[in-house]
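Subject: Structure handover

Hello,

Here is the structure I promised to pass on to you. Please open it alongside this note, and I will go through what turned up.

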Amino acid sequence: MKQCKLVHIHDGNSSEVCNGDRLFVETYPRVEKMLEEWVNEGWEVKSMIPQYMPGVQGTKVAYSFYLDGMIVYLEKEA
C-alpha cells in the first residue's frame, strides 16, 4: 500500500547561482532541506509541477499569470 503527499511550495528566498549570457539559475535552499527530510524518511518525489496564479488587470477581462511556486507530489510504501 502506498502513501501519497501533495505539497504546495512557494519560497520567495531563492539564491542566485548564475545570471548572465542569457542564462538564469537559482536554487531554493530551504525547500531543498525540506525535500531532503522527506526523501530521507522514505518519500520519493514523483512529480514537480509549476504553479501559476491569474491576476485580473483592471475592470476589463485581461489576465496576467504569475509564477506562484510549485506542487510537489511524493509517494512512499506504507
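A residue counts as buried when its relative accessible area is under 20%, as exposed when that area is over 50%, and as partly exposed in between. Please keep in mind that this is a predicted model.

Salt bridges

That cut-off is useful straight away for Glu75, which is buried because its relative accessible area is 15%. The side chain of Glu75 meets that of Lys2 in a salt bridge, with 3.5 Å from N to O. This pair ties together distant parts of the chain, since Glu75 sits in strand β5 and Lys2 in strand β1, 73 residues apart. Lys2 itself is partly exposed, at a relative accessible area of 49%.

Lys2 has another partner as well: its side chain forms a salt bridge with Glu77, at 4.0 Å from N to O. Here too distant parts of the chain are linked, with Glu77 in strand β5 and Lys2 in strand β1, 75 residues apart. Glu77 has a relative accessible area of 52%, so it counts as exposed.

Then there is Lys46, which forms a salt bridge with Glu44; the closest N and O atoms of that pair are 3.5 Å apart. Both are partly exposed: Lys46 has a relative accessible area of 41%, and Glu44 has one of 45%. Which residues end up in one network through shared partners? They are Lys2, Glu44, Lys46, Glu75 and Glu77, joined by salt bridges. The count of salt bridges in the model comes to five. As a general point, side chains of opposite charge can pair when their charged atoms come close.

The largest pocket

Next, the pocket. The largest one has a volume of about 320 Å³. It is lined by 15 residues, and the closest to its centre are Asp11, Tyr28, Leu67, Gly69 and Met70. The elements that give two or more residues to this lining are α1 (29-40), β4 (44-56) and β5 (63-77). Strand β5 gives the most, with four residues. By type, the lining residues of the largest pocket divide into eight nonpolar, three polar and four charged.

A nonpolar patch on the surface

Strand β5 comes up again on the outside. Tyr52, Val56, Val61, Tyr63, Phe65 and Leu67 form a nonpolar patch on the surface, and together they have about 710 Å² of accessible area. Strands β4 and β5 each supply at least two residues of this patch, and the largest share, three residues, comes from β5. One of the patch residues to look up is Tyr63, which lies in strand β5. You will also notice Leu67 in both places: it belongs to the nonpolar patch, and it is among the residues closest to the centre of the largest pocket.

Loops and backbone

Which loop holds Gly12? It is the one between β1 (2-9) and β2 (15-20). Gly12 has a relative accessibility of 67%, so it counts as exposed. Its C-alpha is 8.6 Å from that of Tyr28, and the two residues are 16 apart in sequence.

Strand β2 contains Gly20, which counts as partly exposed because its relative accessibility is 30%. Gly20 and Glu41 are 21 residues apart in sequence, and their C-alpha atoms are 37 Å apart in space.

The loop between β2 and β3 (23-27) is worth a look for its backbone angles. Most residues other than glycine have a negative phi. Asp21, found in this loop, has a positive phi near 50°. Arg22, also placed in the loop between β2 and β3, has a positive phi of about 60° although it is not a glycine. Are these two residues buried or exposed? Asp21 is exposed, because its relative accessible area is 77%. Arg22 is exposed too, because its relative accessible area is 88%.

That is what I have for you. Happy to go through any of it together when you have had a look.

Best wishes

Note on methods
Residues are numbered from 1 along each chain as its sequence is written. This is a predicted model: local features need pLDDT of at least 70, side-chain atom pairs count only at pLDDT 80 or more; totals for chains, interfaces and linings use all residues. Side-chain values use heavy atoms; hydrogens and water are left out. On a 1 Å grid over the protein atoms alone, a cavity is a set of points where a 1.4 Å probe fits but cannot get out, and a pocket is an open set with protein on both sides within 12 Å along at least five of seven lines; lining residues have an atom within 4 Å of a point. Grid points are joined across faces, edges and corners, and a volume is the space filled by probe spheres set on the points. Ala, Val, Leu, Ile, Met, Phe, Trp, Tyr, Cys and Pro count as nonpolar, Asp, Glu, Lys and Arg as charged, and the others, Gly among them, as polar. Patches are made of residues with over 30% relative accessible area and no salt bridge: like charges are joined within 9 Å, nonpolar side chains (Val, Leu, Ile, Met, Phe, Trp, Tyr) within 5 Å. Accessible areas come from the Shrake-Rupley method with a 1.4 Å probe; for residues, only the protein chains shown count as cover. Buried means under 20% relative accessible area, exposed over 50%, partly exposed in between (1.4 Å probe, protein chains only).
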